[in-house]
Amino acid sequence: MSEKILIDCGTSYTKIYYINPQYYEVIPSREFRQWKRDLRILMATGYNTWGMGDVQVNELIALAEGGLRLIPEGSFTLLDCGARDVKYITMNEGKIIRMDWNTECGAFAGQVIELLTNYFNINPQDLPPDSEKIPVVCGVLGMTKMFDKIAEGVPYPRAFMGFLKGIAWNCYHLVNKPELLYLSGGLCENQAFLSSFPCQVRPLGRYVLLEGLKSFYENPSRLKPLEETVSKKADCDRNHPL
Amino acid sequence: MGVPHWEEIQKYGKRGDTIIDLDDALPDVSVEDSYLPKTYCSILKRVTSNAITLAQAGKLHLVLADVGEGKCDGMRYIASFLRELLPIPVVEVRNTNSTGCGFPICQSQLPLRKKVELIVETVSKPLNTSVKLRKTAPSCGFWGVPPSDFALLELFPPNTHIYGWTRCMENKTPANRELELEVDEGVPTVFFSQNFCQRSALAFHLAKKHQGLFVQMDHHLTKSIRAMVEAFIKFNVT
């Protein structure tokens, strides 16, 4: 019998929620595509979804719904800093008042940070917090600036921390400089990145979009008025108890 | 090009000329990047390519270009060099008509894409009498110009009303800035502009003022624009 799952299939990682028994799993997206397991994907979101799943939910909707589920305040700004892009929503009493999906200037931010962390073989907690911010346009172009600094003699932990601050600075301005910012995505586990923001940051972890899918799965009526744009194939499963 | 005065267009129609809307995507005419800078309005790139391609093929015998406030500065500059490039007359006109003829299509029950298609068609010819229009209450708003990719319009829910320049088009008052600025308070509205269009300033300002969604598009509807419009409609349209 098929295992029923909800997935957030990102550029680098696929986040999976198993319906029964309930648990989460994170695996590289390249591996997920090669899995031979008997899976029934009830709902899918994410850049690498490519038509998978009975119902596909776009990332901004999943992010907003996940935010509403996880954040007690009805008004908040929530930023998802992914491997290849950056997107955010600002909600006021359940309505979106601002959002953006910056697929250019945030490009590969998360992925570049992960690559550099591995390349330098460094623990983000060991980075010097007083490093000077490096102005970066995006992850890729920022990397060249960082290596310029290293070539000038700046120690690589200090240059890397400056790079992180540059990425955080871009994100902070993209989301209109809130006093409190909720953060979603794998970078929530990177303390150096969290401390790079010039505002208070509350990390929500990497399952925020999956929480949005769970909300829709539990309350199918929440998908309206998108019902005409999503597949009807999942109707038979929407009443399945979690 | 643009929305010349109705009487001006009909002058050519009555003598038996075929009217071609050069703002439209035309079959067998590709948009060439060589006439204008790469970072430029997609609509004006299309207008320019259409005019040059058709004129060179002998399929265009006169260009009637609205270069007034009802169109944009870009059109005025382009018209000035088309006069040099084209072997046919380029007639510059300014549509300052202030007598509105109403905008029943904008407020009707038709799907948004159909509404915009009809408004574009009726720049040069009367509305087909077989089209029945019924006034509706707005569920959502679309503010802006007809987009370069009409797929954008398919994302909107039934009873989406049209505001902005597209409504001015239907009203036959393309230079009516007061009407362009007006939206229905409380109606969740998407404020759209083409990339590199000066109207972006107005769209951005109005979106902030009315807590709407500001979106810009270049040639085609992208995944991120689609996602933003869908999300806005999902959470803001009841």
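Which strands of chain A does helix H5 (residues 156-174) of chain A lie across? In this predicted model, H5(A) lies across strand E6 (76-81), E7 and E8 of chain A, and runs at about 35° to E7(A).

**The sheet of chain A**

The strands crossed by that helix are part of an open sheet of five strands in chain A, ordered E8-E7-E6-E9-E10 with mixed pairing. Its edge strands, each of which pairs on one side only, are E8 and strand E10 (200-203) of chain A. From one strand to the next, the twist averages 20°. Strands of a sheet pair through backbone hydrogen bonds, in either a parallel or an antiparallel sense. Strand E7 (residues 86-92) of chain A pairs with E8(A) in the antiparallel sense, over seven bridges. Within this pair, Lys87(A) stands opposite Trp101(A) of E8(A).

**The domains of chain B**

Chain B is divided into two domains, domain 1 (6-93) and domain 2 (112-236). Their C-alpha centres lie 23 Å apart. The contact between these domains takes 19 residues from domain 1 of chain B and 13 residues from domain 2 of chain B. On the domain 1 side, helix H1 (6-14) and helix H2 (42-56) of chain B are the elements that give two or more residues. By class, that side of domain 1 comprises seven nonpolar, five polar and seven charged residues.

**The contact between the chains**

Chain B gives 13 residues to its contact with chain A, and chain A gives 14 residues. The side of chain B that touches chain A has eight nonpolar, three polar and two charged residues. The two sides for which classes are given are set out below.

| Side | Nonpolar | Polar | Charged |
|---|---|---|---|
| Chain B, touching chain A | eight residues | three residues | two residues |
| Domain 1 of chain B, touching domain 2 of chain B | seven residues | five residues | seven residues |

**Helix H8 of chain B**

Helix H8 (residues 223-236) of chain B has 14 residues, which at 1.5 Å a residue should span 20 Å; its end C-alpha atoms are 20 Å apart, so the two values agree. H8(B) is mostly covered, with 10 of its 14 residues buried. Among the buried residues are Ile225(B), Met228(B), Val229(B), Phe232(B) and Phe235(B), and Lys234(B) is also one of them. The buried residues of H8(B) pack against elements of both chains: helix H2 (59-70) and strand E8 (95-102) of chain A, together with strand E3 (140-143), strand E5 (189-194) and strand E6 (213-217) of chain B. E8(A), an edge strand of the sheet in chain A, is thus among the elements against which the buried residues of H8(B) pack.

Definitions and conventions:
Residues numbered from 1 in each chain as written. Chains lettered and ligands numbered in written order. Predicted model: local features only at pLDDT ≥ 70, side-chain atom pairs only at ≥ 80, totals over all residues. Contact = placed C-beta atoms within 7 Å. Nonpolar A, V, L, I, M, F, W, Y, C, P; charged D, E, K, R; others polar. Helix = DSSP H or I, 4+ residues; strand = E, 2+ residues; numbered from the N terminus. Expected span 1.5 Å × (residues − 1). Buried ≥ 20, exposed ≤ 12 C-beta atoms within 10 Å, placed from the backbone. Domains from an automatic or database assignment. Pairing = 2+ DSSP bridges. Axes fitted to C-alpha atoms, helices over the stretch in contact; angles between N-to-C directions.
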